[in-house]
Amino acid sequence: MEWVKRLFSPGAVPPRGFHFPQSSDNACPAPAVPSPMAGRAPDVAQPPGPETEDREQRRHPAQMPILASEAQAGATAQRDVREALHVSEEINRHLIQTARDFAILRLDPQGRVASWNDGAQLIKGYSAEEIIGRHFRCFYPADDAAAGMPERALAQAAASGRYAGEGWRVRKDGTRFWASVVLAALRDEQGKLLGFSKITRDRTESREAELALRQSRDELEARIAGRTADLSAAVRVLKESQQHLSLAQRAGRICTFVCSLSSGRVTWVGDAAMLFGLAEGTLPATVAEWQRLVHPEDREPLEEAISRAVHTPVQISYRVLRPDRSAHWLFLRAQAHAAEDGRETRILGVNVDITERMRAEDEVRALNAELERRVAERTAQLETANRDLQSFTYSVSHDLRAPLRHIDGFAKILLEDCGPQLDPAARRYLDRIRGATGQMGHLIDDLLNLARVGRREMELRPADLTALVQKTIADLADETAGRNVDWRVAPLPVVACDAGLLGQVFANLLSNALKFTRPRDPAVIEVGRELRGGETVLFVQDNGVGFDPRYADKLFGVFQRLHPQEEFEGTGVGLAIVHRVIRNHGGRIWAEAEPGRGAAFYFTLPGTPAEGSEGTTTGGNA
Amino acid sequence: MSTEVVEILLVEDNPFDVELTLLALRQNQVVNEIRVVSDGEEALDFLFRRGAFSSRAEGAPRLVLLDLKLPKVDGIGVLRALKGDARTRMIPVVVLTSSKEERDLVESYEIGVNSYIQKPVDFDQFREVVHQIGLYWLVTNQNPRLSAVPVARKAP
């Protein structure tokens with residue numbers, strides 16, 4: 001309130017007291033001259049003003065118009081005071097009249113407008129001429145006026161000396177404005193009501209501003225609340241995820257680290273203590289300290305890896321020595337990362353405890369080595385066994401046959417040279433000796449053949465089985481001489497096989513068939529194929545003496561014979577050879593027969609094509 | 001040593017085999033001069049005229065009947081030495097053995113054997129085989145004049 005300060009400049013003579021003017025003059029002095037001097041000059045009238053409302057409110061209405069009249073000695077002094085008072089009143093009147101931001105007016109005890117200042121005209125739109133004498137009810141909106149608000153305000157001011165309030169008021173042109181109103185009762189010395197002072201301010205703008213402010217404050221608060229909620233949710237999620245990460249790192253025996261290149265300092269995240277076997281808080285703080293925990297052999301590679309990480313992502317397995325001297329394998333993966341300010345480059349990475357894995361790998365390696373060793377050992381054993389077997393068959397081939405030859409040779413010479421001197425029994429014995437040596441020779445040859453089949457590396461090439469069978473039949477010409485044999489060879493497929501070994505199969509099967517059909521005329525021997533369970537099966541069938549099917553499974557064993565030697569000669573090795581060849585080709589062989597009604601040998605060869613892919617040679621009777 | 005001209009060298013360690021082979025040869029009217037040695041080393045000494053045979057008269061046999069299973073140097077070793085030396089390379093060698101092992105057969109032929117025959121158990125068949133050998137190598141087959149081939153001489 002600069003103007004107030006100026007008004008009561010230190011040079012001004014403080015008024016000692018005065019009577020409030022009672023004039024009904026238009027330009028009567030407004031009662032509401034605010035004064036900061038209140039309290040210091042209790043003898044000066046202190047009508048309520050906007051700035052002194054609170055203080056004024058506490059004051060008893062009877063105290064308001066203060067009349068101080070002291071008998072002063074000396075007329076001159078009194079005149080001076082009057083003079084000064086007059087000047088002061090003039091100034092006040094002027095101030096009131098020209099105050100533009102306040103409507104300052106006086107009402108008569110009935111509420112009619114008695115004085116009107118410039119501010120009132122500006123705010124309410126009426127000129128003094130238009131409004132003086134009119135009831136101030138016209139300033140109220142119709143509703144409020146009808147509700148008796150103007151009268152209530154006056155009544156309150158009259159009763160308590162003051163009324164203050166805010167509300168909508170109406171200008172002359174009907175527009176509304178938000179008014180702050182103070183009404184004060186004016187009384188004379190006897191307490192008679194002289195009227196009311198009324199000060200009105202247009203507070204529309206500040207009210208709007210206030211409202212806007214309140215609204216924006218409310219919005220802001222709502223947004224802050226929203227943000228706070230978001231943030232706490234985010235913090236919760238973060239905490240949760242950090243917790244999960246921590247748990248996961250612990251479970252995975254993983255810890256991450258950040259290493260500053262400039263300072264060499266290392267920051268650990270996760271359960272580094274567990275990985276290094278250290279107590280919490282004693283973790284290596286620098287690369288150098290970290291290196292001291294590393295197995296001496298792995299320090300250099302680790303250092304090299306970390307320095308390489310500046311340029312390229314690296315990974316390395318290294319060992320740390322725990323305080324208990326146990327070595328643990330860690331796997332490090334790291335790469336450089338520029339800090340956000342772009343100035344410092346840091347190495348970020350993870351350490352994973354892979355001790356268990358390394359242990360497992362070591363075990364696997366050891367197992368593999370052991371396995372390899374055992375395989376090598378076994379192979380060596382087998383090679384030795386194979387060599388032994390080879391030298392055995394070689395010996396058999398060489399050494400067992402020699403004595404037979406000698407026995408046969410000398411028996412023959414004995415027969416030739418001394419035959420005439422020998423009686424028939426002695427000659428028969430010599431014949432038996434020779435027969436037995438011959439049989440023994442066949443046995444040895446067959447056994448050697450069987451051994452050779454097992455030893456031989458198979459050469460699989462497509463072979464025309466029909467041609468193979470025809471050739472075998474031709475080779476058997478000596479055995480069929482003088483016999484009536486009906487060969488029935490169906491078209492057979494071309495099969496990938498070892499033709500030499502398959503030739504032996506057919507030779508053995510066909511000569512077997514020939515042997516056991518010896519009592520038949522004609523002997524019927526059929527070679528063909530049929531489909532059994534979706535599989536092509538080859539067969540050799542005859543109308544010979546057959547065999548008891550109860551012994552069918554014995555047929556393919558070495559030295560197994562189902563017929564007496566006197567009836568059908570043989571060593572019992574032929575079918576064993578057949579079995580071995582078929583088995584080595586990945587096929588199966590079996591026999592079906594009935595005594596006296598012939599026998600049939602069936603076998604399969606993997607890769608045998610289905611019907612319609614016969615070889616070029618057509619089958620037929622030989 | 002004798003000065004006779006050896007026509008057949010029989011390399012055989014088994015005396016029974018020697019006896020039967022000689023019998024078979026004689027019965028087949030092979031009357032040529034036959035020399036028997038009982039191991040590979042002796043065979044090589046004879047052929048290269050060294051050791052006990054250093055004073056042997058010059059001249060290579062017309063046929064070598066070679067067993068494979070022999071003491072000291074085996075038949076394959078003898079064959080290799082003979083066929084690997086220019087002086088003896090052209091002497092016909094017939095392997096006469098109990099074995100018909102594939103590897104012996106293949107190896108013998110790789111070295112350059114002239115015939116490979118497995119001795120049959122049956123003496124009749126053996127006699128027939130010996131007859132064929134004698135007939136073929138000593139009568140039917142034409143040899144270069146082996147006597148003209150320079151054989152190791154003793155230094156004068």
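Colleague: How many salt bridges does the rule find across the interface of chain B and chain A?

Modeller: A salt bridge here is a side-chain nitrogen of Lys or Arg within 4 Å of a carboxyl oxygen of Asp or Glu, and across the interface of chain B and chain A that rule finds five. This is a predicted model, in which local features need pLDDT of at least 70 and side-chain atom pairs count only at pLDDT 80 or more, while totals for chains, interfaces and linings use all residues; side-chain values use heavy atoms, with hydrogens and water left out. Residues are numbered from 1 along each chain as its sequence is written, and chains are lettered from A and ligands numbered from 1 in the order in which they are written.

Colleague: Which elements give two or more residues to the side of chain B that touches chain A?

Modeller: Helices (H or I, at least four residues) and strands (E, at least two) are DSSP runs, numbered from the N terminus. The elements in question are α1, α4 (102-111) and α5 (123-140) of chain B, and α1(B) gives the most, with six residues. By residue class, that side divides into seven nonpolar, six polar and 11 charged residues, where Ala, Val, Leu, Ile, Met, Phe, Trp, Tyr, Cys and Pro count as nonpolar, Asp, Glu, Lys and Arg as charged, and the others, Gly among them, as polar.

Colleague: How should I read the extent of the contact, and what is the area buried between chain B and chain A?

Modeller: With contact meaning heavy atoms within 4.5 Å, the interface takes 24 residues from chain B and 23 residues from chain A. Buried area is the accessible area (1.4 Å probe) that two parts lose on being put together, summed over both; between chain B and chain A this is about 2,100 Å², of which carbon and sulfur atoms give 51%. In chain B, the residues that lose the most area to chain A are B:K69, B:E101 and B:V121, together 31% of what that side buries.

Colleague: Which residue of chain A forms a salt bridge with B:D17, and are the two partners buried or exposed?

Modeller: B:D17 pairs with A:R405, and their closest N and O atoms are 2.5 Å apart. Because B:D17 lies in helix α1 (residues 15-27) of chain B and A:R405 in helix α12 (residues 355-418) of chain A, the pair joins two chains. As to accessibility, buried means under 20% relative accessible area, exposed over 50%, and partly exposed in between (1.4 Å probe, protein chains only); B:D17 is buried at 3%, and A:R405 is likewise buried at 3%.

Colleague: What does a salt bridge within one chain look like, for instance that of A:E151 and A:R137?

Modeller: The side chains of A:E151 and A:R137 meet at 2.8 Å, N to O. A:E151 lies in helix α7 (residues 149-160) of chain A and A:R137 in the loop between α5 (128-131) and α6 (142-146) of chain A, so the pair ties together parts that are 14 residues apart in sequence. A:E151 is partly exposed, with a relative accessible area of 34%, and A:R137 is partly exposed at 36%. In chain B, B:D85 forms a salt bridge with B:R87, with the closest N and O atoms 2.7 Å apart; B:D85 counts as buried at 18%, whereas B:R87 is partly exposed at 33%.

Colleague: Which residues do salt bridges that share partners join into one network?

Modeller: That network joins A:D408, A:K412, A:E416, A:R434, B:D122, B:D124 and B:R127. One of its salt bridges is that of A:E416 and B:R127, whose side chains meet at 2.5 Å, N to O.
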